[in-house]
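Trainee: I would like to take a close look at a single part of this model, and I would be grateful for one connected answer that begins there and then moves outward.

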Amino acid sequence: MDVPEEDTNSPGWVFKSGGGSCVRPSRALCGTARGSGLVYCVNKVKGFRMPLNDDQSSDSDSSRLSESTVSSSDTEYSRQSFNSDSSSKPSSPASVHLLCVEHQQQLYPWGSPCALLPFRKSSPPKVITFDELMAATRNLSNWTLAHEIAVNANFCIKQEDYPQNSFAGTVKQIVHKAFWDHLESELNEDPPEYKHAIKLFEEIKEILLSFLTPGANRIHNQICEVLDTDLIRQQAEHNAVDIPGLANYVINTMGKLCAPIRDNDIKQLKATDNIVELLRQIFHVLDLMKVDMANYTIKSLRPYLWHNLVDYERTKFQEILEETPSALNLTTEWIKESIEDELSSISDESSSCPGADSSSKPIISPTLVLNNGYLKLLQWDYCKTIPETLITDEVRLQELREKLNQLKVIACVSLITNNMVGAAVVDVPDFTDHLKRISLPLLEGMNKKSFDLKEALNAIGIQICSIVNKSLSERGLPTLSEEMQSNLMGQIAHIVEKNNPVCSLIDKRIQLFMRSLLALPSFQKCMPTMPGGLSVIQREIEFLGSQYASIVNFNKKVYGPFYANILRKLLFPEAAMEKTEAETSSN
């Protein structure tokens, strides 16, 4: 579904997710108070719908290549499989209409959508029209939003306003106060002026009708009959409008349609006597009800969206690729770097084996290349732009990296402590849990540039010495000497140094565990063997590993055909050239 192209600077809704946040204001329905030059805004929701159709189909070549790419067996990656034709378009993509909102730039934590569409320096500049850019932006918006709704169970909408002391917040407060003061002065005139009040009831009527389901004919007719603006205008001409009566009907109707969480708000509305303040609060509660309705819709459609997500995301990305052919440049570079790393590794192994045949061309497994690329994401510098096919999971991958870094430090501290004072801590009850309880709060935010890791490690060392000495004293044993405590704290503080041997060892073992996890078939639920030295963080790393494997396996399902095409061109350039020539000659 296309994202509307209108723009507004009024505050709107903020999409909140468990792992991060996607911030996008909603559409606003703005009206101008004639004669006053004032503007009032009412947030308006556009719901989304989708067919509840379970039939899925995709191009046979795409499916074959996708399965080939996801498979963990290297034998499935024969030269023939990558010389065959493939297509990244599903033949029958799921039609999913999503919740649409504006302000594209605020949805993307990585910046403007244009940043996703780089051009090769060697390529001639290509002129992109405004319509093409907007089409690509809409596809990016829907693609990202669909993924976030489906994979993030904590995704919801919350209404937020400008900060109270901000310039925009101050302007909004002044304008709104001016409007409501103007409305109050109109109603206090003799005879009263009802033009703007009638306009407000007309908008209230539209909002109430938007909450109704298609079969609610009785209440629909009742709302249209009571809030008939033509009739209200006729009554206003004869000064016979019952504004309090209309407001009371609106409140009662809102009470029937609202969620239970809004019952207290409805009670407060009934207790308000001032008609202008009452109308103001009615619009506030209606805004909250719209948020509730949108969140309920998201929750209800999440299972159906998830069922269609693979085809939907693949189709949307294919549309982006057709609009901007350079939209896979970063992904291609990412895979190329992984191939170069694998070739370097094979070269090192060959040089260490004197009898190896160095003249033969090395055979590289596409599965291994992809898995190595995914492993690099756990150490990715997120100041750089992530590959295009992983943008929808960037926040989740960044959080996984941050948590793994914390666990790596804890494992290093545990290993150093056990090696230096193992005999003293062996009888300390729940020492591992103590270590994690004191370390995790001190390591919170360690990936920020302003974070002082050395200071945090010194604090952890002091806490460990205190715990060990307390345990030794309780058992009537001599405490650690000053020299031993100094050495222990010094070794822990050295973790911050680059190429620290303990840190490098733990990092390799975490990488080994994650590599083993990716090598398992996606249907296998058991965890690989935990490498030595990681038992202190086993529960946490297995939990993070399952999240990581879920992200990777889903990414392979969606973008397998795109990866297969890139791998064919990079690993078998001669076959790719022959295929291109054959297609050219046939045309």
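Is Pro 478 buried or exposed, and what is its relative accessible area?

Mentor: Before turning to that residue, please keep in mind that this is a predicted model. Pro 478 is exposed, with a relative accessible area of 67%, and that value lies over the 50% above which a residue is called exposed. The residue sits in the loop between α15 and α16, and its C-alpha atom is separated by 9.9 Å from that of Ala 424, although the two are 54 residues apart along the chain.

The two helices on either side of that loop deserve a careful look. Helix α15, which covers residues 453-474, packs with α16 at an angle of about 145°, and the two axes are 9 Å apart. The crossing of this pair is right-handed. On the α15 side the residues that meet α16 are Leu 457, Asn 458, Gly 461, Ile 462, Ile 464, Cys 465 and Asn 469, and their partners in α16 are Gln 485, Leu 488, Met 489, Ile 492 and Ala 493. When you read those lists, it helps to recall that an α-helix has 3.6 residues a turn, so residues three or four places apart point the same way.

Another residue of α15 is Ala 456, and at 7% relative accessibility it counts as buried. Leaving out residues up to four places away in sequence, Ala 456 touches Leu 442, Leu 443 and Phe 451. The C-alpha atom of Ala 456 is also 8.4 Å from that of Ser 439, which is 17 residues away in sequence.

Following the chain beyond α16 brings us to another loop residue, Asn 499, which lies between α16 (482-493) and α17 (501-519). Its phi is near 60°, a positive value in a residue other than glycine, and Asn 499 is exposed, with a relative accessible area of 63%. A positive phi is also found at Asn 239, where the value is near 55°; this residue belongs to the loop between α7 (229-237) and α8 (243-257). Asn 239 is partly exposed, with a relative accessible area of 43%.

A loop residue may also be covered, and Asp 393 illustrates this: it is found in the loop between α12 (366-376) and α13 (394-425), yet it is buried, with a relative accessible area of 4%. Beyond its neighbours up to four places away in sequence, Asp 393 touches His 147 and Ile 551. The helix before this loop, α12, is mostly covered, since 9 of its 11 residues count as buried, that is, under 20% relative accessible area. Among them are Pro 366, Val 369, Leu 370, Asn 372 and Tyr 374.

Two further places are worth setting beside these. In the loop between α4 (167-187) and α5 (195-210), the peptide bond from Asp 190 to Pro 191 is cis, with omega near 0°. Helix α5 itself has 16 residues and reaches 23 Å from its first C-alpha to its last, close to the 22 Å expected at 1.5 Å a residue. Its buried residues include His 196, Glu 203 and Lys 205, alongside Ile 198, Leu 200 and Phe 201. In helix α10, which covers residues 275-323, we find Leu 278, and this residue is buried, with a relative accessible area of 7%. Apart from neighbours within four places in sequence, Leu 278 is in contact with Ala 247, Ile 251, Leu 269 and Thr 272, and its C-alpha atom is separated by 9.7 Å from that of Asn 248, 30 residues apart along the chain.

For the whole chain, the secondary structure comes to 19 helices and 5 strands, and 46% of the 587 residues count as buried. Among contacts between residues at least 6 apart in sequence, 76% join residues at least 24 apart. The chain exposes about 30000 Å², of which carbon and sulfur atoms supply 51%.

Finally, a word about confidence. The chain averages a pLDDT of 75, and 71% of the residues score at least 70. Over residues 1-123, however, pLDDT stays under 50, and the model has 330 contacts beyond four places in sequence for that stretch. Where pLDDT is low, the predicted coordinates should not be read in detail.

Terms used:
Residues numbered from 1 in each chain as written. Predicted model: local features only at pLDDT ≥ 70, side-chain atom pairs only at ≥ 80, totals over all residues. Heavy atoms only, no water. Helix = DSSP H or I, 4+ residues; strand = E, 2+ residues; numbered from the N terminus. Buried < 20%, exposed > 50% of the residue type's maximum accessible area, 1.4 Å probe, protein only. Contact = heavy atoms within 4.5 Å. Areas by Shrake-Rupley, 256 points an atom, 1.4 Å probe, with all protein chains shown as cover. Expected span 1.5 Å × (residues − 1). pLDDT = per-residue confidence, 0-100. Axes fitted to C-alpha atoms, helices over the stretch in contact; angles between N-to-C directions. Left-handed = near helix turned anticlockwise from the far one by under 90°.
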